[in-house]
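Student: I have a model open and would like to learn how to read its pockets and strands. Could you walk me through it?

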Amino acid sequence: MDTPGMKPPAPYQNAVTFQFGDSPELADELLALVLAGTKTATCGALRDFNAREPVPAAGRRDVVLDGQGRPACVIETLSVLIQRFDQVDEAFALAEGEGPYEAWRDAHIAYFDRNGGYAPDMMLACERFRVVAVFER
């Protein structure tokens, strides 16, 4: 984010910024789903949130970066539910826009395995959001 032109425009210069996924390719793939209106939810392991990327909170607006780290859009958190992985229901999984429940489950188990470990009882922050602004890139 220190590259000139990579800072979000006003009034979002001080917003939390993040990328979906754990690779530039996955960031772009999931961002495309958000911009298409297919993805209206996301989840993250509670253990992975920190001061730089705090747990989402209803009403907060965050800047989503593309795979190259450029500001792509702003999302507003509508709701957050802290729950175990094995409590995530099909409706939430479908709102993530990544396919049927089984595909969501398999992809998220693999993702968490790559990023610190998976357990059925791991705690997740399950966020529903809406897009409020899209930036030119």
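Tutor: Happily; we will look at a pocket, then at paired strands, and keep in mind that this is a predicted model.

Student: How much space lies in the largest pocket?

Tutor: Rolling a probe the size of a water molecule over the atoms shows where empty space is left. Here, the largest pocket holds about 670 Å³.

Student: Which residues lie nearest its centre?

Tutor: Gln19, Phe20, Gly21, Cys43 and Tyr111 do, out of a lining of 33 residues. By class, that lining has 15 nonpolar, seven polar and eleven charged residues. Helix H3 (101-114) is one of the elements that supply at least two lining residues, and the largest share, five residues, comes from H3.

Student: Now the strands. In what sense do S3 and S4 pair, parallel or antiparallel?

Tutor: Antiparallel, over five bridges. One bridge joins valine 64 to cysteine 73 in S4. The two strands form a hairpin with five residues between them, and glycine 69 in the turn has a positive phi of about 85°. On to the next pair: S4 and S5 are also antiparallel, over eleven bridges, with leucine 81 bridged to cysteine 126 in S5.

Student: Is glutamine 83 buried or exposed, and why?

Tutor: In a regular strand the side chains alternate between the two faces of the sheet. Glutamine 83 lies in strand S4 (residues 71-84). Glutamine 83 counts as buried because its relative accessibility is 10%, and buried means under 20%. Beyond residues up to four places away in sequence, glutamine 83 touches Val88, Met122, Met123, Leu124 and Cys126.

How values were computed. Residues numbered from 1 in each chain as written. Predicted model: local features only at pLDDT ≥ 70, side-chain atom pairs only at ≥ 80, totals over all residues. Heavy atoms only, no water. Helix = DSSP H or I, 4+ residues; strand = E, 2+ residues; numbered from the N terminus. Buried < 20%, exposed > 50% of the residue type's maximum accessible area, 1.4 Å probe, protein only. Contact = heavy atoms within 4.5 Å. 1 Å grid on protein atoms, 1.4 Å probe; cavity = no way out; pocket = protein on both sides within 12 Å on 5 of 7 lines; lining within 4 Å. Points joined across faces, edges and corners; volume = space filled by probe spheres on them. Nonpolar A, V, L, I, M, F, W, Y, C, P; charged D, E, K, R; others polar. Pairing = 2+ DSSP bridges.
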